[in-house]
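Reader: Could you walk me through this structure? I'd like to go region by region and ask as we go.

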Amino acid sequence: MRLIARFFGFLFATAALLFVIGAAGVGLVVWNFEKDLPDYTQLKNYEPKVMTRVHAGDGSLVAEYARERRLYLPGAAIPPLVKEAFISAEDKNFYHHAGVDPEGVVRATLVLLQGDRHVQGASTITQQVAKNFLLTNERSFERKIKEALLAFRIEGAYSKDRILELYLNEIYLGLGNYGVAAAALNYFGKSVNELSLAQVAYLAALPKAPNNYHPFNKRERAIERRNWVIDRMVENGYATRADGEKAKAEPLGVNPRVLSPNSFAAGYFAEEVRRELGERYGEKKLYEGGLSVRTTLDPKMQLMARRALVDGLVRYDEAGGFRGPMRRIDMGGDWGVALAEVPTLGDVAPWRLAVVIDANESGARIGLQPKREKSGEIERERELGWLANSTGLKWTRGAGSRSSLTPGDVVYVDPIEGKPGQFRLRQIPAVSGAIVAMDLHTGRVFAMVGGFSYDQSEFNRATQALRQPGSSFKPIVYATALDNGYTPSSIVLDAPIEIDQGPGLGVWRPDNFEGKSSGPHTLRYGVEHSINQMTVRLARDVGMPLIAEYAKRFGIYDDMPPYLSMSLGSGETTVLRMVTAYSMLANGGKRVKPTLIDRIQDRYGHTIYRHDERICEGCDAAKWDNQPEPRLIDKREQVLDPLTSYQITSIMEGVVQRGTGQAVKAVGKHLAGKTGTTNDAKDLWFVGFSPDLAVGLYMGYDQPRSLGDSAQAAHYAAPIFRDFMIMALKDKPDMPFRVPPGIKLISVDARSGQRSTGAGSILEAFKPGTAPPDSYAASDSAPRAQAVNPDADRLVGTGTGGLY
């Protein structure tokens with residue numbers, strides 16, 4: 001008996017010793033690994049990399065910028081069905097274990113030994129949080145120990161709901177998506193609250209290996225894995241058997257969302273916003289900070305602007321004839337496969353690439369570029385079309401003959417409306433340009449197109465191209481004169497003038513566009529007909545230093561040299577600056593700061609930027625207590641007398657009615673503006689406005705060269721402005737320009753400026769005390785506004801500056 005007792009005592013002592021040694025060993029191992037464990041408390045201040053989203057003025061999504069496509073959702077905003085799907089797929093006992101699930105470890109081991117394809121990982125959701133946030137993806141025994149230790153600590157520090165929230169926002173779910181919110185949006189075009197049982201099951205199937213369950217490349221495996229998750233949800237009581245069977249019968253239904261600024265032809269606009277955000281907040285906050293940006297973009301007006309500009313560029317380009325196919329492909333095999341590999345511009349819809357299959361005297365048969373499936377595979381269907389000599393090829397001057405278009409030629413085509421199967425030959429114009437539309441009261445940019453195609457060239461000609469504005473600068477000269485003693489009826493001589501440029505530079509003799517002079521005329525006539533010699537005389541009399549100051553006020557130039565040639569627009573500026581300046585001419589002379597952004601909010605919804613700087617007095621009242629109504633206080637700088645503002649607006653309205661901008665009359669509404677044609681017609685401009693909308697554009701080659709001896713802004717630029725305004729103002733009532741208090745409208749003779757009520761008389765705007773007398777004698781020039789510095793006549797170079 002004693003021997004038996006000794007034996008069991010020995011066993012107990014040995015077991016106890018082994019236990020102590022084992023415990024000490026485990027403790028030593030734990031202590032050793034704990035020394036290098038990362039700080040799990042950083043999860044408390046978790047700020048994931050969240051994408052910045054850019055919205056148009058109407059709330060529609062324009063662009064997203066991110067290194068990881070993620071939208072952060074608080075745990076309370078994630079539907080229970082989503083949580084249940086991931087718990088069923090990843091961690092059945094999530095709410096019952098302390099970080100590591102022994103049952104899960106045993107179950108995964110048994111499944112692995114049985115050779116089941118549905119391998120279950122032993123890592124709990126908590127362990128995955130530890131790995132994803134604090135460790136690497138290294139597959140090692142050491143990493144698994146650290147993962148388990150961290151899981152215990154995380155469970156002790158955070159609630160289950162918080163751990164699940166971290167997991168569902170951080171997990172990678174394939175196709176560049178991180179977190180359930182981004183995945184739901186980009187896989188199914190839905191918010192997480194709209195997902196069906198089948199859809200949440202598919203998302204829950206992805207964490208282990210997204211590429212193994214790719215919705216297109218491995219569709220069958222994806223459906224099988226999704227159905228396995230559905231079965232687990234039914235087994236765990238999260239879904240009924242009937243609902244589960246119904247969900248398993250559904251197709252995968254993945255339809256990846258393709259978000260591109262091209263949806264609104266807004267590539268240039270979006271890039272300008274991205275650049276401003278980067279400059280303002282830095283790259284890290286732009287791509288990871290989760291900014292919500294509300295822009296000023298009007299999607300409808302943006303499409304109108306692009307259409308008007310493209311039509312104008314194409315109209316000019318096609319007048320020069322067809323330059324030939326963009327490339328050729330081998331027609332030996334399936335032409336669709338070869339054509340599908342040809343890069344196409346994504347923002348020139350409805351243009352499409354096509355290949356000539358055969359051609360004859362009546363036209364050419366074409367094959368259209370096949371579209372691609374969501375998986376990236378080329379569609380099997382081959383779509384054919386016809387280019388008829390009488391319609392689709394008419395402009396090419398016989399380009400439809402066999403010698404001009406041959407099989408294998410790759411070209412752009414455009415469907416002809418009302419003629420199914422028939423197309424018109426197109427070519428990417430060599431000429432380019434830009435257009436900007438702006439709210440002239442606030443500076444909010446509604447539309448910006450910086451070239452023919454953003455996919456072709458990212459250079460934004462609306463903001464980055466420095467071009468001579470030509471005669472579109474002249475209203476600044478005349479506004480300066482009107483603000484300093486002149487009236488619209490002041491007379492200036494239209495006659496040859498010689499300017500001594502100083503030693504070695506010779507004499508400058510600016511010419512009018514038509515090469516002739518016509519004697520004394522009013523200021524109005526000088527603007528309406530864009531008379532160079534009148535403008536130079538007026539600039540010399542007013543003084544170029546003063547004009548340079550006004551040009552700086554209006555933001556056209558930062559530091560304009562005070563030379564007379566600058567009065568004809570020989571300096572360089574941008575379309576955006578010109579439209580901003582015209583906005584100030586039109587809005588009563590108030591300072592305008594152009595903006596593409598209305599408001600920016602951070603990831604927490606706090607407004608960190610707002611363009612509108614007006615003060616709302618009384619808006620912060622806690623309640624209504626019979627106090628005065630809130631009012632907006634506008635503290636913007638007054639850069640021009642409101643009366644002067646109306647005078648120059650009235651004169652530019654005459655440009656449309658009687659002058660160089662008569663092409664714009666077709667809009668049929670009150671509009672004002674000015675043409676601009678530079679030396680050798682290298683740039684053609686039109687800048688103008690309605691009572692509420694300012695629009696400016698130019699066209700020209702990126703490497704400046706003449707657009708042709710006969711090219712004029714009146715023929716090419718003004719029609720683009722006209723076409724845009726017809727679309728933009730279609731549903732808007734016709735409103736006359738606002739007449740400020742103090743202006744006297746007096747009937748005068750359009751030529752002499754004298755009072756008149758007979759034929760040829762117009763209503764002219766005068767400031768108090770400046771109306772013409774009953775009889776008025778014309779003189780060679782208007783009264784001098786100030787002494788002229790002799791150096792003001794010195795020029796930067798030769799030439800006429802703005803011509804027409």
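Author: Let us begin with helix α6, where K160, R162, I163, L164, E165, L166, Y167, L168, N169 and E170 are buried, buried meaning under 20% relative accessible area, exposed over 50% and partly exposed in between, with a 1.4 Å probe and protein chains only. Helices (H or I, at least four residues) and strands (E, at least two) are DSSP runs, numbered from the N terminus. This is a predicted model, in which local features need pLDDT of at least 70 and side-chain atom pairs count only at pLDDT 80 or more, while totals for chains, interfaces and linings use all residues. Residues are numbered from 1 along each chain as its sequence is written, and side-chain values use heavy atoms, with hydrogens and water left out.

Reader: How many of the residues of α6 are buried?

Author: The count is 10 of 11 for α6, which spans residues 160–170 and is mostly covered.

Reader: What does Y95 touch?

Author: Leaving out residues up to four places away in sequence, Y95 touches I87, K160, D161 and L164, where contact means heavy atoms within 4.5 Å. Y95 sits in the loop between α2 (80–90) and α3 (102–114), and its C-alpha atom is 9.9 Å from that of S159, although the two are 64 residues apart along the chain.

Reader: Is Y95 buried or exposed?

Author: Neither label fits, since Y95 is partly exposed, with a relative accessible area of 40%.

Reader: Switching topic, what about α17, and what covers its buried residues?

Author: Helix α17 (residues 532–542) has 10 of its 11 residues buried, so it is largely enclosed by the rest of the structure. What covers those buried residues includes α15 (474–482), β14 (491–494), β16 (507–508), β17 (519–522), α16 (523–528) and α18 (544–553). After α17 comes G543, with a positive phi near 105°.

Reader: L538 is one of the buried residues there, so which nonpolar core lists it?

Author: L538 is named in the largest nonpolar core, which has 88 residues, and it is among those with the most contacts inside it, together with V62, F473, F554, M560, L585 and F689. A nonpolar core here is a set of buried Ala, Val, Leu, Ile, Met, Phe, Trp, Tyr and Cys residues joined through side-chain atoms within 4.5 Å. Helix α19 (residues 575–586) gives this core its largest share, 9 residues.

Reader: And what is F473 in contact with?

Author: Apart from neighbours within four places in sequence, F473 is in contact with I547, A551, I556, Y557, M560, M566, S567, G569 and M578. There is also a second, separate core of 58 residues, which includes I78, I163, Y187 and L195, and I163 is also one of the buried residues of α6.

Reader: Which cysteines form a disulfide?

Author: C616 is joined to C619, with S to S at 1.5 Å, and the count comes to 1 disulfide under the rule that the pair of cysteine sulfur atoms lies within 2.5 Å. C616 is partly exposed at 28% relative accessibility, and C619 is partly exposed too, at 46%.

Reader: Last one, what are the totals for the chain?

Author: The chain has 21 helices and 26 strands, and buried residues make up 52% of its 804 residues. Of the contacts with a separation of 6 or more, 71% are between residues 24 or more positions apart.
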